[in-house]
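Welcome! Please take a moment to look at the sequence and turn the structure around before you read on.

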Amino acid sequence: MSILNEISQNLQCGKAKVVKELVQKAIDEGISAESILKEGLLDGMGVIGEKFKNDEVYVPDVLIAARAMSAGSELLKPLLASSGVKATGKVVLGTVAGDLHDIGKNLVRMMMEGKGLEVIDLGIDVSAERFVETAVREDAHAICCSALLTTTMGEIKNVIDAAIQAGIRDKVTIMIGGAPVTDSFCKMVGADIYTADAASAADAAVQVCSR
Amino acid sequence: MHLRAEVLSPKDLQTVHENTLALLEKYGIRIKHQEAKMVFLEHGAKVEGDHVKMPPELVMKALSSVPSSFILTGRNTERNVGIGEGYSPVFGPGAGAVFISDYERGRRPGTVQDLRNLLALSQSSKHIGVACAGMIYPFDMPVGVGLEAAILETLKISDKPLFGLSQDSAVSEICIEMARVATEGKGEHYVMGVVNSLSPMAWDDKMLGSIMVYAANNQPLVLACCSMAGFTSPTTLSATVIQNNAEIIAGIVLSQLVRPGAPVVYGNTSTITDMSTMNLCIGAPEYQLISTAASQLAKFYKIPYRSGGGLTDAKALDMQAGIEATTNLLFSMANGVNFVLHALGIMESFMSISYEKWIMDEEIIERIMRMTGDGCRLLPDAVEMIGNAVASGSGSFIDHDDTLDNFRSEFYRTPVSNRQNWDTWEKNGISCQKTANGIWQKRLKDFVPPELPSYVLKELEKLVQMP
Ligand code: B1M
């Protein structure tokens, strides 16, 4: 078994420590960071992702695989940066102001990280200003808002307005979701993308970041 | 027929209790709210950063001041309900729904008209004991006064005791004030709210604010948790029960420190998490394991208990909806619940209310009441009655006094479930949905709202400030 294959296999079993060791070994053997990332780590996540879609594995399995993935990619980050390979993308994520529901949001983070995105998770009860300030500071591709209450869905509009105010509306994609949120609400409020679940949110974010 | 569901043995119960005290003493509960922290501190709790650790004596003393029952007063005092020891369970409707559905129009966002309709159905339901302002959150309420306007609608359409709103301290204040005005000093406790802990092991500022406001005003509050085993509480159910117990008790202790004797209800709607969608599974059998343990704990502490009613994760009025709603209502009623929230109408893991399911849930409750009610009454003269009837030669009981006198009370007649034969059923194009639809439509048509004195209405309208 090649070392890259071994990385992928161990990642699928969620063995973070082994993955980290193997990644280091691969680096020492002179394999390029980009190959380790794509043919090792992301390959493993791809398999897990596919199995998850087919109901063969469950969220906890995906989570520990994603942990193994980030343990490995920590080592790759400096190498990738110096060789000019850009991170897959960066998003700012949070639950809107007045809202404490974070289970869906946390799931979105897990799925996005599993796809190799850098997620800045601002937590719950996040004001419009904080979303936008962070997006500006971090030069993020997207702002991702989760809202679970009828009374806090309106906060999404405030985030959009704040993005316009800050002059970044045309540069940042605004993605939204949460149980009461719908596609028609997304259109009405002027957000860019609505997705019904965390996996499709991650897929959409990857698309956005690769534009 | 007596149903008594129990899941913890007396020894288990003691262990859960001891573990709870240890958890609260050693690890404490996460609280940021400065005022709440001060209250705990003043009463001998240790406050380390955002962790409030409470000694067992503090906890036990606070728990001992909780009343084991209380009366909730309505605008119309004939509708008052008693909640807790010695009273039969009080049912509240589905609550907090985002969407509404009915047979003709399908699923859609709820509107003010839907709230009004549900309030009329609730007022005219012989099973519902309270008027719930937060059944749905209408999308078309005027911005800025949404919540107050919903409370006003509730007080206009129903004279049952108010199950009010308690999203934060400001909402709690206004809700209590409106209920006070509406009930005109007819009783001590005139509005009940509900708050949820932020599992694992935390209470959020907003909820703490509501706890303090409801307690300070001596108004009852349900302190519940809705943890998701496998995500916000342990997968092992017994450990979830311990964590839940610690969270609820921490909230109850605060209420009693603010005002000893303030009425509270111990609530629990925690259940398992679906491991592929991470959705909360309120129709899962595990819900009743957790809820029954919680009910036993509430009884152990002599505090009224609240659980869920016709809970289901079903999206349609199908067999899943029927199985889940029935088992949940059955076990809630068997575990000695005192207050049931979401008794009627709730669907898809709390996301929507269905008009037709509301009517069907009423039938489920009636069926359970029939089974657990008077049971099989004995007759003093059964031998003679049977003997004479058979000897009379007709060979039938259809025209016998026993039938004529008793069939109406002895046989429960299902309003929705169909008992016709195939041909008639098919010819009439009957379905449960259609039957239930007819029932609620008729109830709305016949509905006459109770009177609300104009001076009360005026005062209430003043409280609902337009922006
Ligand atoms: C950026 O792009 C994206 C893309 C996709 C995105 C996305 C972002 N975010 C989510 N998604 C999507 O991906 C996920 C699937 O893969 C999905 O995420 P979800 O978050 O939808 O799904 C999760 C995986 C699982 N689902 C959940 O986590 C939510 C489940 C329900 C039951 C729920 C829970 C668990 C809780 N609650 Co709350 N709660 C309810 C919920 C009813 C429901 N069925 O949704 C709802 C939302 N709550 C409600 C209420 C009323 C409340 N809750 C409250 C509190 C709580 C708990 C603390 C108990 C707990 C939250 C725990 C936590 N840490 O998040 C209070 C409010 C607190 C506040 N200010 O926020 C309180 C006011 C109750 C009270 N009186 O205390 C109702 C909303 C009412 C309304 N119409 O607005 C409610 C519908 C239940 C009900 N009927 O009462 C998708 O939506």
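This report goes through the two chains, then the ligand, and then a few individual residues.

**The model and its chains**

Keep in mind that you are looking at a predicted model. The model scores ipTM 0.89 and pTM 0.93. For chain B, the average pLDDT is 95, and 99% of its residues score at least 70.

Let's start with chain A. Its secondary structure consists of ten helices and five strands. Its radius of gyration is 18 Å, which agrees with the value near 17 Å that a compact globule of 211 residues would have. Chain B, in turn, has 16 helices and 21 strands. Its radius of gyration is 24 Å, close to the 23 Å from the globule rule for 467 residues, so chain B is as compact as a globular protein of that length.

Here are some values for each chain, ready to be read side by side.

| Chain | Box filled by C-alpha atoms, along the principal axes | Buried residues | Contacts with a separation of 6 or more that join residues at least 24 apart |
|---|---|---|---|
| A | roughly 55 × 40 × 25 Å | 48% of the 211 residues | 70% |
| B | roughly 85 × 55 × 50 Å | 54% of the 467 residues | 74% |

**Around the ligand**

Where does the ligand lie? You will find the ligand between chains A and B. It is surrounded by 46 residues, and the closest are His101(A), Asp102(A), Thr150(A), Ser349(B) and Phe350(B).

What kinds of residues make up this shell? Sorted by class, the shell has 28 nonpolar, 14 polar and four charged residues.

Several secondary structure elements each supply at least two residues of the shell. From chain A these are helix H5 (103-114), strand S3 (142-146), strand S4 (173-177) and helix H10 (198-210). From chain B they are strand S11 (191-196) and helix H7 (205-216). The largest share comes from H5(A), with four residues.

Now zoom in on some atoms. In the side chain of Asp99(A), an N or O atom is 3.4 Å from an oxygen atom of the ligand. At Gly104(A), a backbone N or O atom lies 3.5 Å from a ligand oxygen atom. Chain B takes part too: a polar backbone atom of Gly96(B) is 3.0 Å from a nitrogen atom of the ligand.

**A residue inside and a residue outside**

Try finding Glu362(B), which sits in helix H11 (residues 355-372) of chain B. Is Glu362(B) buried or exposed? Its relative accessibility is 6%, so Glu362(B) counts as buried. Leaving aside residues up to four places away in sequence, Glu362(B) touches Ser125(B), His127(B), Leu344(B) and Arg443(B).

Arg137(A) is a useful contrast. This residue lies in helix H6 (residues 128-138) of chain A. Arg137(A) counts as exposed because its relative accessibility is 59%. Ser127(A) is ten residues away from Arg137(A) in sequence, and their C-alpha atoms are 16 Å apart in space.

**Backbone details in chain B**

Before the last stop, here is some background. Most residues other than glycine have a negative phi, and most peptide bonds are trans.

Which residues of chain B does a cis peptide bond join? Such a bond links Ser199(B) and Pro200(B), with an omega of about 0°. Pro200(B) is in the loop between S11 and strand S12 (202-203) of chain B. Strand S11 has already appeared among the elements that supply residues to the ligand shell.

Another loop to look at is the one between strand S20 (346-347) and strand S21 (352-354) of chain B, where Glu348(B) lies. Phi of Glu348(B) is near 35°, a positive value in a residue that is not glycine. With a relative accessible area of 11%, Glu348(B) is buried.

Ser349(B) is also found in the loop between S20 and S21. Although Ser349(B) is not a glycine, its phi is positive, at about 50°. You have met Ser349(B) before, as one of the closest residues to the ligand.

Notes: Residues are numbered from 1 along each chain as its sequence is written. Chains are lettered from A and ligands numbered from 1 in the order in which they are written. This is a predicted model: local features need pLDDT of at least 70, side-chain atom pairs count only at pLDDT 80 or more; totals for chains, interfaces and linings use all residues. Side-chain values use heavy atoms; hydrogens and water are left out. A residue is near a molecule or strand if one of its heavy atoms lies within 4 Å of it. A polar contact is a pair of N or O atoms within 3.5 Å; within protein, one must be able to donate a hydrogen and the other to accept it, and residues adjacent in sequence count only if both atoms are side-chain atoms. Ala, Val, Leu, Ile, Met, Phe, Trp, Tyr, Cys and Pro count as nonpolar, Asp, Glu, Lys and Arg as charged, and the others, Gly among them, as polar. pLDDT is the predictor's confidence in each residue, from 0 to 100. The radius of gyration is taken over C-alpha atoms; the globule rule is 2.2 Å times the number of residues to the power 0.38. Buried means under 20% relative accessible area, exposed over 50%, partly exposed in between (1.4 Å probe, protein chains only). Contact means heavy atoms within 4.5 Å.
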